[in-house]
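Student: I am new to this structure and would like the reasoning behind the terms used for it. Could we go through them one at a time?

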Amino acid sequence: MSHDLSPRFRDVSLRILDADGAPADPASVVVEQTRHAFGFGNIGFDFLGLLGGATSGPDGDREALAAADVALAEHLLEAWLAVFDTVTLPFYWRFFEPTPGHPDTARLQATARWFADRGVRVKGHPLVWHTLAPAWLLDRTDAEVEAAIRARIRRDASDFSGLVDQWDAINEVVILPDFTAEDNAVTRLARSRGRVEMVRMAFETAREADPSARLVLNDFDLSPRYERLIEECLAAGIRIDAIGLQTHMHQGFRGEDQLASILERFARFGLPLQLTETTLVSGDLMPPEIVDLNDHVVSEWPSTPEGEARQADELERHYRTALAHPAVESLTMWGITDAGAWLGAPVGLLRADGSEKPSYAMLRNLIRGEWWHAPRAIAPDADGLIRVRGFAGDYRATAAAGSATFSIAPDADAAAAALEVRLTR
């Protein structure tokens, strides 16, 4: 399958001005990229203990790693920052607020602020989800449950305004109100309110609390049922900023043709697509007859040399297929390391001891190599313009008179007038 990524790259012309607005000295200008417009993401669950302070939370194994072995956690964080620019942090309600009125806000704020201070986009996952709903909701009436959900959304969207750029506003709605794996008040509420009204509640409450945040509808069910839900929500006047598509592939790579077909089906809504949860194992595949991935329980699930080679090849094909579709705006890996990974599967880019798998090197070479504008001296042409071709994103230009930042938009027009960049000391 052909992967044409050329539309991701744009040509721009820069007119470099000094601090007074006069043409700068026509010497070489060093141009470097600082961040992609595309969201190259991974979860940051591993770092809550390191950056926010250790406590109980949604993934005890990961947090125990960060608290018990700071050196390893710092190594994982360094590896994370060397590749990714968009982090997903956990807001699973059962663990975020195990006791009513005592949310884990300070620790998540500290972690979110650490990433944001380094130019990383921060996403919260999720505001509403039937799974991992707090047990203390069970004794409340439906009206009280709805009031508690709305209060939770308002509080967290407000508390993290300016730190969390986007939220999975509600997660895995297609299975509502049919989810029966565990008794929970969110499923019960969905039975009386209906799917569309659950989505409306999540989106409209979050948007009122933080109008600047982007809100995503996220699901693992990529069947026509999800398409019908989106159709119903849009027809009901619910504003959705992006459609989230989970791509956990513990049972094997879906293949380029199937992925391209999925992307095309959901692109028909004219909304940005996010591949929100990507996993590919580097060991034995989960048996194909397993319907609910959570039902596959093994005592050990090791990474193998053969599996690691397969994972690297398939991840590259997955990324190239995703980026070849213009509707896709981000792709998030669901784990940097095998330690404490979901279902105990070897889905990380690093082994449990922190050593690199081939998939990590492959992604680093793509994201910070082939698709990255490294610092490069560019001499002006006869018109005094600096010609730059690069992956859409944020850039810095440095010359003798100073430096300045600029952006190449995904829809930049090479025929447009030159972009004026004013240097400052």
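Student: Why does Phe96 count as buried?

Tutor: This is a predicted model, and in it Phe96 has a relative accessibility of 2%. Buried means under 20%, so Phe96 counts as buried.

Student: What makes Phe91 buried?

Tutor: The value for Phe91 is 1% relative accessibility. That is under the 20% cut-off, so Phe91 is buried.

Student: Why is the aromatic pair of Phe91 and Phe96 called tilted?

Tutor: The two ring centres lie 5.3 Å apart, and the planes make an angle of 45°. Centres within 6.5 Å make a pair; planes under 30 degrees apart would be stacked and planes over 60 edge-to-face, so an angle of 45° leaves tilted.

Student: What makes the pair of Phe91 and Phe160 edge-to-face?

Tutor: Here the distance is 4.9 Å centre to centre and the angle between the planes is 90°. The angle is over 60 degrees, so the pair is edge-to-face. Phe91 and Phe160 are both buried.

Student: Which parts of the chain does this pair link?

Tutor: Phe91 is in the loop between strand 4 (86–90) and helix 4 (93–96), while Phe160 is in the loop between helix 6 (142–159) and strand 6 (166–171). The two residues are 69 residues apart, and the pair links distant parts of the chain.

Student: How do you know that Arg118 lies over the face of Trp114?

Tutor: Arg118 is at 3.8 Å from the ring centre of Trp114. The distance limit is 6 Å, with a further limit of 35 degrees from the ring normal, and Arg118 is listed as lying over the face, so both conditions hold. Likewise, Arg368 lies over the face of Trp372, at 4.7 Å from the ring centre.

Student: Which residues touch the most other members of the largest nonpolar core?

Tutor: This core has 114 residues, and those touching the most other members include Phe203, Leu217 and Trp371. Helix 8 (residues 195–209) supplies the largest share of this core, seven residues. Beyond its neighbours within four places in sequence, Phe203 is in contact with residues including Ala169, Leu215, Leu217 and Ile240.

Student: Which residues form an aromatic cluster with Trp371?

Tutor: Trp371 shares one aromatic cluster with Phe9, Phe38, Phe40, Tyr319 and Phe391.

Student: Which residues are closest to the centre of the second largest pocket?

Tutor: They are Arg8, Ala37, Phe38, Glu329 and Pro410, out of 26 lining residues. The volume of this pocket is about 480 Å³. Strand 10 (residues 328–333) gives the most to its lining, with three residues.

Note on methods:
Residues are numbered from 1 along each chain as its sequence is written. This is a predicted model: local features need pLDDT of at least 70, side-chain atom pairs count only at pLDDT 80 or more; totals for chains, interfaces and linings use all residues. Side-chain values use heavy atoms; hydrogens and water are left out. Rings of Phe, Tyr and Trp (its six-membered ring) pair if their centres lie within 6.5 Å; planes under 30 degrees apart count as stacked, over 60 as edge-to-face and the rest as tilted. Buried means under 20% relative accessible area, exposed over 50%, partly exposed in between (1.4 Å probe, protein chains only). Helices (H or I, at least four residues) and strands (E, at least two) are DSSP runs, numbered from the N terminus. A nonpolar core is a set of buried Ala, Val, Leu, Ile, Met, Phe, Trp, Tyr and Cys residues joined through side-chain atoms within 4.5 Å. Contact means heavy atoms within 4.5 Å. On a 1 Å grid over the protein atoms alone, a cavity is a set of points where a 1.4 Å probe fits but cannot get out, and a pocket is an open set with protein on both sides within 12 Å along at least five of seven lines; lining residues have an atom within 4 Å of a point. Grid points are joined across faces, edges and corners, and a volume is the space filled by probe spheres set on the points.
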